[in-house]
Amino acid sequence: MINQTNLQEIYANIEKAAIKSGRKAEDIKLIAVSKMHSIEEINEGISLGLTDLGENKVQELCSKYGQTIKEVNWHLIGHLQTNKVKQIVDKVCLIHSVDSLHLAEEIDKRCKKISKTMDILIQVNAAGEESKFGVSLKEVLPLTEEIKKNCENLRIRGLMHIAPAAENPEDVRKYFTDVKKIYDQMENVDILSMGMSHDYEIAIEEGANMVRIGTLIFGERNY
Ligand SMILES: *Cc1c(COP(=O)(O)O)cnc(C)c1O
């Protein structure tokens, strides 16, 4: 069961953080991360107003796709293997996890076949964590250039970042700031996807305009 009060609280917190950083609630897009949650729970969320859903696995996204009570925007937020690209290019509005030219080229090729221009984000691993995918801060601009040169069916909309797990979200503020600095050096971008259940307010304060929230909306996941 989705707790509607939680959802209201999230929207209120988003607004507060947006105002703190000189923006409005409408400037921040909420992606509801529905991984490990059932289509019933997802549909409950949709009836409460959720419009954008995020999944981190291709197979799970495909199994839920088409089963929603209303049309929604699906986001692929997790690591994407090249051999699975063809299954999702017709289903998602934004791929958050592009971290190599090789992957970008495969998405580009598959999009050409269906005459689609795909919006993508470059995933950046600002803390250099071994356990996470994504390019280093230094690699962002060179990879962006390579993709622009080679992939005419892709549109780079910005960056996605997953901060390290930290007991105190203040400890990861610096990573959000670092990512924002690189984002500001990119041309023609408008999406900065960072912030999850435990750190979304700080991410917004540091410039995020898209947050990906799972646990706070749907509850704990049972792995
Ligand atoms: C699971 C996941 C989230 C949401 O995490 P919560 O802590 O449950 O809010 C956000 N982004 C990515 C890439 C994820 O895999």
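Is D52 buried or exposed? D52 is buried, with a relative accessible area of 3%, and the notes below, which concern a predicted model, start from the charged pair to which D52 belongs.

1. **The K29–D52 pair.** The side chains of K29 and D52 come together in a salt bridge, with N and O at 3.3 Å. This pair links distant parts of the chain, since K29 sits in strand β1 (residues 29-33) and D52 in strand β2 (residues 52-55), 23 residues apart. The two partners can be set side by side in their accessibility: K29 is partly exposed, at a relative accessible area of 36%, whereas D52 is buried at 3%.

2. **Salt bridges across the structure.** In total the structure holds 17 salt bridges. One of them joins E205 to K20, whose closest N and O atoms are 3.4 Å apart. Because E205 lies in helix α8 (residues 200-205) and K20 in helix α1 (residues 4-20), this pair ties together parts that are 185 residues apart in sequence. E205 is partly exposed, with a relative accessible area of 21%, while K20 counts as exposed at 66% relative accessibility.

3. **A network around that pair.** K20 and E205 should not be read in isolation, as both belong to a network of salt bridges that also links E170, R173 and E206. As general background, side chains of opposite charge can pair when their charged atoms come close.

4. **A pair within one helix.** K180 and D184 form a salt bridge in which the closest N and O atoms are 2.9 Å apart. The two residues are four residues apart in helix α7 (residues 173-185), so about one helical turn separates them. Both ends of this bridge are partly exposed, K180 having a relative accessible area of 24% and D184 one of 49%.

5. **A buried lysine without a salt bridge.** K35, found in the loop between β1 and α2, is buried yet has no salt bridge, and the nearest side chain of opposite charge, that of E55, is 8.2 Å away. With a salt bridge requiring a side-chain nitrogen within 4 Å of a carboxyl oxygen, what surrounds K35 may be of interest. Leaving aside neighbours within four places in sequence, K35 is in contact with G54, E55, N56, E60, K64, R221 and Y223.

6. **Backbone angles to inspect.** Two residues other than glycine carry a positive phi: M36, at about 70 degrees, and N188, at about 55 degrees. M36 is placed in the loop between β1 and α2 (39-47), and M36 is partly exposed, with a relative accessible area of 34%. N188, for its part, is placed in the loop between α7 and β7 (191-194), and at 73% relative accessibility N188 counts as exposed.

7. **The nonpolar cores.** The largest nonpolar core has 63 residues, and those with the most contacts inside this core are L80, I95, I107, M118, I147, L159 and I217. Taking I107 as an example, and leaving aside neighbours within four places in sequence, the residues in contact with I107 are L80, V85, V89, I95, V98, M118 and L154. A second, separate core is made of six residues, among them I31, L121, M160 and I191.

8. **Aromatic residues.** How many aromatic pairs does a search of the whole structure find? The search finds zero. There is, however, a charged side chain to note at a tyrosine ring, as K91 lies over the face of Y65, at 5.7 Å from the ring centre.

9. **Y175 and its surroundings.** Y175 is placed in helix α7, and Y175 is buried, with a relative accessible area of 18%. Not counting residues up to four places away in sequence, Y175 touches A126, A127, H161 and P164. Y175 and D108, by contrast, are 67 residues apart in sequence and 30 Å apart in space, from C-alpha to C-alpha.

Terms used
Residues are numbered from 1 along each chain as its sequence is written. This is a predicted model: local features need pLDDT of at least 70, side-chain atom pairs count only at pLDDT 80 or more; totals for chains, interfaces and linings use all residues. Side-chain values use heavy atoms; hydrogens and water are left out. Buried means under 20% relative accessible area, exposed over 50%, partly exposed in between (1.4 Å probe, protein chains only). A nonpolar core is a set of buried Ala, Val, Leu, Ile, Met, Phe, Trp, Tyr and Cys residues joined through side-chain atoms within 4.5 Å. Contact means heavy atoms within 4.5 Å. Rings of Phe, Tyr and Trp (its six-membered ring) pair if their centres lie within 6.5 Å; planes under 30 degrees apart count as stacked, over 60 as edge-to-face and the rest as tilted. A charge sits over a ring if NZ of Lys or CZ of Arg is within 6 Å of the ring centre and within 35 degrees of the ring normal. Lys and Arg count as positive and Asp and Glu as negative; His and the chain ends are not counted.
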